Amino acid sequence: MTMHLPGNDPKLSYPRHTLVTGGAGSSGSHVCDSLLQRGDRVICVDNLFTGSMRNIRPLLNHPHFQFIEHDVRQPIRIDGALDRIYNLACPASPQHYQRDPIGTMKTCVVGTMNVLELARQKSCRVLQASTSEVYGDPEIHPQPESYVGHVNAIGPRACYDEGKRAAEALIFDYQRVFDLQVKVARIFNTYGPRMLENDGRVVSNFIVQALQGDPITVYGSGKQTRCFCFVDDLIRGLELLMESPASVTGPINFGNPQEMSIEAIAHEILACTGSSSTLQFKPLPQDDPKRRKPLIEAAEQLLGWRPRIPLRTGLEATIAYFALQLAGSAKPETVTLTRRTPKKGVRVRLTVASQS
Ligand code: NAD
Ligand code: UDP
């Protein structure tokens with residue numbers, strides 16, 4: 001079955017042939033699921049730097065799914081037709097992109113150029129997963145797409161921030177020079193099931209710490225803010241952007257405008273898990289943005305998109321995922337998730353037994 005979204009190219013042959021780079025990652029694997037469900041033939045390319053086979057294992061026997069272990073910093077060769085490329089390959093967690101900063105810059109720049117060359121060769125559309133990090137530590141709040149940003153070009157985050165900025169520059173040059181159909185999504189903090197336990201980003205860190213009864217590591221004062229978008233909302237937005245008319249190129253912000261402090265998200269996660277973990281304050285990493293919030297009028301007006309999943313609902317789904325993952329690993333033998341039901345305030349204990 002195929003779904004015809006508004007803005008589809010009427011000449012496009014069905015089913016669509018779609019490449020997802022970074023398709024074994026915490027967002028990319030959901031993109032693969034969603035595209036397969038709507039009838040696409042999906043090729044996932046990933047070097048497993050921060051991705052996991054666990055995320056795509058259920059897809060490996062699907063007749064329309066193919067996994068290729070490959071690094072996008074090397075030229076990408078795909079046999080046959082391609083209609084769409086979602087370019088998500090890149091570590092997104094500061095901890096991981098700073099682990100190999102030169103490699104990260106290369107993934108952003110050389111990797112994106114390899115993707116664009118493939119798109120040229122196949123005459124197909126490309127969607128780039130860009131980031132709110134192109135705004136750096138913003139001096140304008142909230143951030144519209146027209147804001148040119150405030151990035152420290154020589155700091156430890158630059159490998160990612162400047163890498164993604166260079167990737168955007170390349171993409172729009174390919175559009176101008178080769179008339180390539182391009183789409184750029186600027187993604188703000190997104191969370192959900194399939195993040196790694198050691199991903200290092202705030203939501204997964206706090207959930208894992210809360211479930212294990214470990215201290216919740218708040219960096220700095222905890223007064224810095226972010227906005228958290230559930231992964232399903234993001235994927236719906238990316239698909240709408242990909243299938244929008246050719247004139248809609250972006251960049252377009254995707255994020256949940258509900259702004260909250262890091263301390264507040266820590267308390268929210270403690271409440272959702274029923275954990276008795278305490279907050280442990282640690283030094284703030286260099287260049288950590290103080291405030292961040294997307295303006296999403298462009299996504300609303302051009303795509304009819306806005307996030308639908310409330311924070312509580314998204315957190316509960318993510319907590320349930322991590323509870324199962326932790327139960328499946330050796331430590332601890334059982335994970336007890338205690339939560340309050342929304343209406344009556346009753347505490348429910350869910351104990352997930354280890355499978356080992
Ligand atoms: P992730 O780390 O879970 O997934 C990234 C995937 O890319 C992983 O599977 C990894 O193995 C793969 N990868 C990394 N380098 C590669 C390379 N050189 N060749 C092939 N594969 C490679 O991150 P995510 O949260 O799923 O992010 C996906 C994309 O969205 C990234 O491009 C990221 O920059 C962008 N993004 C995400 C967020 C967010 O909050 N999730 C925010 C802004 C931008
Ligand atoms: N953070 C934190 N504790 C953690 C991980 C992150 O306090 O264990 C903070 C981090 O300093 C930042 C915010 O949470 O202010 C979001 O960090 P994350 O790495 O998730 O994303 P990004 O900084 O890229 O927005």
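**Close-up 1. Where α6 meets α8 in this predicted model.** From α6, the residues Val 202, Phe 206, Ile 207, Ala 210 and Leu 211 come up against Ile 262, Ile 265, Ala 266, Ile 269, Leu 270 and Thr 273 of α8. Sorted by class, this contact holds ten nonpolar residues, one polar residue and no charged ones. As for the geometry, α6 packs with α8 (residues 262-273) at about 40°, and the two axes are 10 Å apart. The angle is why α6 counts as oblique to α8. The crossing of α6 and α8 is a right-handed one.

**Close-up 2. The shell around ligand 2.** Here we're looking at 15 residues that surround ligand 2, and the closest of them are Arg 201, Val 202, Asn 205, Thr 217 and Tyr 219. Two elements, α6 (202-212) and β8 (216-219), give two or more residues each to this shell. The top contributor is β8, which puts in three residues. Class by class, the shell around ligand 2 splits into seven nonpolar, five polar and three charged residues. Val 202 is worth picking out in this view: it is listed with the closest residues to ligand 2, and Val 202 also turns up on the α6 side of the contact with α8.

**Close-up 3. The seven-stranded sheet.** This sheet is open, its strands pair in parallel, and they're laid out in the order β3-β2-β1-β4-β5-β6-β11. At the edges sit β3 (65-69) and β11 (252-254), each with pairing on one side only. Ignoring direction, neighbouring strands in the sheet are turned against each other by 20° on average.

**Close-up 4. Strands β5 and β6, with helix α5 packed on the sheet.** Zooming in on one pair, β5 (residues 125-131) and β6 (residues 182-187) run parallel and are joined by six bridges. To find one of the matched positions, start at Val 126, whose bridge partner in β6 is Val 182. Helix α5 (residues 158-178) packs on the sheet and touches both β5 and β6. The direction of α5 makes about 155° with that of β5.

**Close-up 5. The shell around ligand 1.** There are 28 residues around ligand 1, and Gly 22, Gly 25, Ser 27, Thr 50 and Gly 51 come nearest. Among the suppliers of this shell are α4 (101-122) and β5, with at least two residues each. The strand β5 thus links two views: β5 is bridged to β6 in the sheet, and β5 also lends residues to the surroundings of ligand 1. By class, the shell around ligand 1 comes out as eleven nonpolar, 14 polar and three charged residues.

Notes:
Residues are numbered from 1 along each chain as its sequence is written. Chains are lettered from A and ligands numbered from 1 in the order in which they are written. This is a predicted model: local features need pLDDT of at least 70, side-chain atom pairs count only at pLDDT 80 or more; totals for chains, interfaces and linings use all residues. A residue is near a molecule or strand if its C-beta atom, placed from the backbone, lies within 6 Å of it. Helices (H or I, at least four residues) and strands (E, at least two) are DSSP runs, numbered from the N terminus. Ala, Val, Leu, Ile, Met, Phe, Trp, Tyr, Cys and Pro count as nonpolar, Asp, Glu, Lys and Arg as charged, and the others, Gly among them, as polar. Two strands pair if DSSP finds at least two bridges between them. Axes are lines fitted to C-alpha atoms, for helices over the stretch in contact, and angles run from 0 to 180 degrees between N-to-C directions. Two residues are in contact if their C-beta atoms, placed from the backbone, lie within 7 Å. Angles under 35 degrees count as roughly parallel, over 145 as roughly antiparallel, 65 to 115 as roughly perpendicular and the rest as oblique. A crossing is left-handed if the near helix is turned anticlockwise from the far one by less than a right angle, and right-handed if clockwise.
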